[in-house]
Amino acid sequence: MQVSSLNEVKIYSLSAGRSLPEWLSDRKKRALQKKDVDIRRRIELIQDFEMPTVSTKIKVSRDGQYIMAVGTYKPRIRCYDTYQLSQKFERCLDSEVVTFEILSDDYSKIVFLQCGRFVEFHSQHGHYYRTRIPKFGRDFSYHYPSCDLYFVGASSEVYRLNLEQGRFLNSLQTDASESNVCDINPVHFLFAMGTAEGKVECWDPRTRNRVGLLDCALSSVTVDTEIDTLPSVSALKFDGALNMAVGTSTGQVLLYDLRSSNPLIVKDHHYGLPIKSIQFQRQLDLIISADSRIIKMWNKDTGKIFTSMEPEYDINDVCLYPNSGMLMTANEAPKMNIYYIPVLGPAPKWCSFLDNLTEELEENPESTVYDDYKFVTRKDLDNLGLAHLIGSSLLRAYMHGFFMDIRLYHKAKMMANPFAYEEYRREKIRQKIEETRAQRVQLKKLPKVNKELALKLIEEEEEQQVTRKRKQKNLPSLLKDDRFKVMFENPDFQVDEQSEEFRLLNPLVSKISEKRKRKLKALEELEAQEREEEEEPEGKASDAESSESSDDEKGWVEEVRKQRKLLRQEEKVKRQERFKEDQQTLLKPQFFEIKEGEEFRSFKDSAKKQKLMKKTLGDRLKLEEKLGTLNVCDTTVGSKQATFKLKK
């Protein structure tokens with residue numbers, strides 16, 4: 001089960017995981033479940049809750065027992081019994097289903113609007129009757145008081161089919177060229193239809209007259225929105241007696257009060273995709289709107305985002321299970337997704353165990369999606385010898401690196417450095433021993449790096465404490481300051497006393513006081529005794545000597561001169577060694593190639609050229625004019641010519 005969280009709202013995906021092919025036998029499915037851990041861990045809330053290729057529409061019966069979905073290929077409908085958590089029946093159809101409606105409380109009466117202008121009726125036993133409408137239909141609604149079906153589509157007329165009389169009635173003539181969606185208010189049964197021109201027409205079924213017209217296309221364009229075409233109405237849904245939500249083809253959702261022609265709020269999905277579905281969640285006053293990429297839940301009073309979901313595949317339809325926190329989607333993929341959001345409501349009674357399961361997950365949080373993967377950069381891949389895997393399915397590119405399976409990473413690291421675990425184990429043991437030592441009474445422990453500098457700082461601090469006045473504030477010590485902590489821990493910061501810069505800046509480094517020598521030696525002996533007690537091999541003690549600067553300026557100058565003399569002698573020795581190496585090496589003749597267009601004369605030409613370059617431009621031009629070499633043409637690389645005229 002995958003868990004995601006946005007705005008502190010947890011969303012549980014109940015359909016995450018691998019699905020098994022339909023053509024596998026039950027024995028092979030059981031064998032795969034035993035071998036594959038991912039298949040064994042998956043949660044299959046409803047058995048075979050999927051379509052062969054794509055699912056287009058999904059609905060729940062009014063009694064809540066049956067979930068029906070249509071899809072392809074081949075065109076079919078599947079009915080799932082929630083009490084049995086499995087599929088009840090499957091029926092194949094002649095053409096693809098545009099939309100369908102469940103007329104009864106259960107699955108016994110269903111109406112399908114199909115692509116080929118067909119309207120097909122199914123009863124409990126199966127196919128019952130089939131008829132045709134004059135134009136291609138896009139949506140229909142059922143008017144319960146009069147048993148009329150209202151069909152809208154690629155026509156200006158709204159076709160009415162009375163199921164009690166079994167015949168077509170007079171059509172409603174609208175001002176629209178085409179209609180996309182329609183809906184009937186469940187309270188006062190007002191019929192509303194959304195047109196391709198971005199308008200909503202409202203009709204009274206009793207008088208068959210138009211009672212209202214809303215221009216949603218004009219209202220959907222705000223200061224922040226950018227549109228390229230005229231917005232058309234792509235979704236329509238009533239909420240109670242007075243509220244109506246309209247979705248446009250440019251990705252806006254408008255909430256209306258039927259008593260006003262101006263929208264209460266305009267919500268933009270910012271994707272520019274048509275709104276596919278609109279649902280109302282009355283317990284928290286939320287509107288659930290979805291386009292093909294994202295499902296957004298937002299407050300209908302303020303427009304503030306509650307949470308959102310982005311499935312892996314494009315969305316075709318969204319269905320909210322009544323009076324619960326369960327959400328189902330039909331996707332451009334075989335598997336239909338089921339989400340459980342505890343904040344929206346409890347789990348349905350047929351899967352009440354989900355509440356206990358989610359409570360246990362909240363008490364014992366499991367690993368996230370990326371805990372089974374390791375993020376590596378290109379440099380890490382080069383060190384592990386896995387650079388050749390770039391572009392394969394084993395590496396997933398992300399930002400400045402890649403995600404790879406943690407098991408593959410551990411195997412590659414073990415092969416690249418087989419003793420890494422032993423080093424890690426020794427380091428952990430050393431850290432544990434140092435933690436226990438820290439609890440003892442410490443005499444005066446010096447760091448492993450820059451011991452001489454640390455001892456000098458300790459002595460200076462002791463001297464300052466003696467000479468410091470009472471009113472003066474205590475200055476922070478460098479040894480206790482976190483900013484300089486790395487200087488006494490990382491060997492990269494070790495002071496190199498043999499370098500030229502250090503010897504010139506600290507000429508009296510060799511004149512360390514006998515008192516500090518004795519102190520350093522005593523501390524090293526104490527550390528050696530502790531190592532013998534613990535029987536732990538430590539690093540070698542530093543052999544470098546610490547120094548104390550002298551106040552005698554004359555002695556300081558003499559020491560600087562000595563250091564410079566020593567440095568010159570060292571450089572002289574290095575030059576002699578290089579000279580001996582050069583004498584031992586045999587000189588080989590070198591051959592040079594003459595450029596095209598030039599002639600070899602002698603080696604004396606280079607000396608002449610150097611003398612000539614020292615002269616001014618005017619003198620050089622006069623000399624070249626006498627020699628006749630001022631104009632150069634017909635060379636192998638092309639004719640190039642420069643002409644200069646000197647003022648007389």
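Y142 counts as buried, with a relative accessibility of 14%, in what is a predicted model. The chain has 648 residues, of which 38% count as buried, and its secondary structure comprises 13 helices and 32 strands. Among contacts between residues at least 6 apart in sequence, 46% join residues that are at least 24 apart.

**Aromatic pairs and charges over rings**

- The count of aromatic pairs in the structure comes to 11. In one of them, Y142 and Y144, the ring centres are 4.6 Å apart and the planes stand at 80°, so the pair is edge-to-face.
- The two members of this pair differ in exposure class, because Y142, at 14% relative accessibility, counts as buried, whereas Y144, with a relative accessible area of 38%, is partly exposed.
- Y398 and F403 form an aromatic pair of the tilted kind, with 5.3 Å from centre to centre and 40° between the planes. Here Y398 counts as partly exposed at 41% relative accessibility, while F403 counts as buried at 13%.
- Y66, F89 and Y107 are linked into a cluster by ring pairs. One member of that cluster, F89, also has the charged end of R91 over its ring, 4.2 Å from the centre.
- Over the face of F100 lies K59, at a distance of 5.9 Å from the ring centre.

**The open sheet from β7 to β10**

- An open sheet is formed by 4 strands in the order β7-β8-β9-β10, with antiparallel pairing. Strands β7 (97-102) and β10 (127-132) stand at its edges, and each has a single partner strand, so one side of each is left without a neighbour in the sheet.
- From one strand to the next, the twist of this sheet averages 20°.
- Within the sheet, β9 (residues 118-122) runs antiparallel to β10 and is joined to it by 5 bridges. One residue to look at in this pairing is F121, whose bridge partner in β10 is Y129.

**The hairpin of β25 and β26**

- Strand β25 (residues 295-299) pairs with strand β26 (residues 305-309) in the antiparallel sense, over 4 bridges. M297 has T307 as its bridge partner in β26.
- The hairpin has 5 residues between its strands, and G303 takes a positive phi near 80° there.

**Backbone geometry in loops**

- Two cis peptide bonds follow one another through Y73: the bond from T72 to Y73 is cis, with omega near -15°, and the bond that joins Y73 and K74 is also cis, with omega about 10°.
- Y73 is found in the loop between β4 (66-72) and β5 (76-81), and K74 lies in the loop between β4 and β5 as well.
- R208 is not a glycine, yet it has a positive phi of about 55°. R208 lies in the loop between β17 (199-204) and β18 (209-215) and is partly exposed, with a relative accessible area of 43%.
- H270, which is likewise not a glycine, has a positive phi of about 65°. H270 lies in the loop between β22 (265-268) and β23 (277-281), and with a relative accessible area of 60% it is exposed.

**The surroundings of H400**

- H400 is found in the loop between β31 (395-398) and β32 (401-405), and it is exposed, with a relative accessible area of 58%.
- Leaving aside residues up to four places away in sequence, H400 touches F375 and T377.
- The C-alpha atoms of H400 and R378 are separated by 8.3 Å, although these residues are 22 apart along the chain.

**Cysteines**

- A search of the whole structure for disulfides finds 0. For readers who wish to consider individual cysteines, C147 counts as partly exposed at 23% relative accessibility, whereas C182 is buried, with a relative accessible area of 5%.

Technical notes. Residues numbered from 1 in each chain as written. Predicted model: local features only at pLDDT ≥ 70, side-chain atom pairs only at ≥ 80, totals over all residues. Heavy atoms only, no water. Disulfide = S-S within 2.5 Å. Buried < 20%, exposed > 50% of the residue type's maximum accessible area, 1.4 Å probe, protein only. Phe/Tyr/Trp six-rings, centres within 6.5 Å; stacked < 30°, edge-to-face > 60°. Lys NZ or Arg CZ within 6 Å of the ring centre and 35° of its normal. Pairing = 2+ DSSP bridges. Helix = DSSP H or I, 4+ residues; strand = E, 2+ residues; numbered from the N terminus. Axes fitted to C-alpha atoms, helices over the stretch in contact; angles between N-to-C directions. Contact = heavy atoms within 4.5 Å.
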